[in-house]
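Subject: A structure to look through

Hello,

Please find below the structure that I am handing over to you, together with its sequence. My notes on what was found in it follow, and you may like to keep the 3D view open while you read them.

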Amino acid sequence: MTTLSHPLDDPRLPAILLALASAGVLGAALFFQFVLGYQPCVLCLMQRWPYVAVLVFSGVTLLFRQWKGVGDAMLVASGLALLACAGIAAYHVGVEQHWWAGTSSCGGSAPANSLEALRAQVMAAPVTRCDEVAWSLFGVSMAGYNVLISLGLAVFAFVAARAAYTRTPVSRTAL
């Protein structure tokens with residue numbers, strides 16, 4: 001039996017670290033929402049889903065650790081989910097900075113041509129607008145920090161997947 005020579009040889013440790021980081025980011029978002037009272041906009045809510053996906057992928061890695069290659073694939077999937085998260089967050093930063101318009105669910109809509117249409121728009125409008133920065137630190141919004149965090153975690157996931165794939169003592173042709 002061969003022993004693992006590097007912590008990233010086994011995809012379980014990186015999966016645990018990614019799960020902890022994702023849970024931390026989601027916990028911070030929920031803390032800002034429910035404890036500090038910052039209501040999320042539509043784009044904020046969309047940025048949470050890739051972290052949920054990473055938690056699921058990490059769980060699959062841990063539950064099916066006996067299946068060779070599953071952990072590597074789940075690390076790659078986690079990296080892709082985190083890249084998607086970074087993309088959503090970067091789009092959100094652009095909306096906050098007024099570089100481009102947000103989606104129709106972000107509060108912007110076409111002008112109403114009747115009183116009924118105006119009433120429907122007002123009733124369907126989100127409480128929190130995507131183009132307003134609710135909180136920032138050193139001039140960087142939560143979406144801006146999410147870009148950095150997501151990209152960093154994505155790089156970690158890809159590096160860990162590569163290390164686990166190339167250093168696993170199991171023959172990949174036997175899969």
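Strands, in what follows, are DSSP runs of E with at least two residues, and they are numbered from the N terminus. With that in mind, please remember throughout that this is a predicted model.

Let me begin with the loop between β1 (136–137) and β2 (140–141), which is where Phe138 lies. Phe138 is not a glycine, and yet its phi is positive, at about 60°. As general background, most residues other than glycine have a negative phi. Phe138 also counts as exposed, because its relative accessibility is 77% and the cut-off for exposed is over 50%.

A second residue with a positive phi is His98, whose value is near 65° although His98 is a residue other than glycine. You will find His98 just after α3, in the loop between α3 and α4 (115–124). With a relative accessible area of 55%, His98 is exposed.

Helix α3 itself, which covers residues 70–96, allows a small check of its length. How far apart are the end C-alpha atoms of α3? At 1.5 Å a residue, the 27 residues of this helix should span 39 Å, and the end C-alpha atoms are 38 Å apart, which agrees with that expectation. When you turn the helix in the viewer, it may help to recall that an α-helix has 3.6 residues a turn, so residues three or four places apart point the same way.

The remaining notes concern aromatic rings, for the structure holds five aromatic pairs. One of them is formed by Phe31 and Phe32, which meet edge-to-face, with 6.4 Å from centre to centre and 90° between the planes. Are Phe31 and Phe32 buried or exposed? Phe31 is partly exposed, with a relative accessible area of 41%, whereas Phe32 is buried, with a relative accessible area of 17%. Another pair is made by Trp99 and Trp100, also edge-to-face, with 6.0 Å from centre to centre and 70° between the planes. Trp99 counts as exposed at 58% relative accessibility, while Trp100, at 40%, counts as partly exposed. Finally, Phe31 and Phe32 belong to one aromatic cluster together with Tyr38.

Best wishes

Terms used:
Residues are numbered from 1 along each chain as its sequence is written. This is a predicted model: local features need pLDDT of at least 70, side-chain atom pairs count only at pLDDT 80 or more; totals for chains, interfaces and linings use all residues. Side-chain values use heavy atoms; hydrogens and water are left out. Helices (H or I, at least four residues) and strands (E, at least two) are DSSP runs, numbered from the N terminus. The expected span of a helix is 1.5 Å times one less than its number of residues. Buried means under 20% relative accessible area, exposed over 50%, partly exposed in between (1.4 Å probe, protein chains only). Rings of Phe, Tyr and Trp (its six-membered ring) pair if their centres lie within 6.5 Å; planes under 30 degrees apart count as stacked, over 60 as edge-to-face and the rest as tilted.
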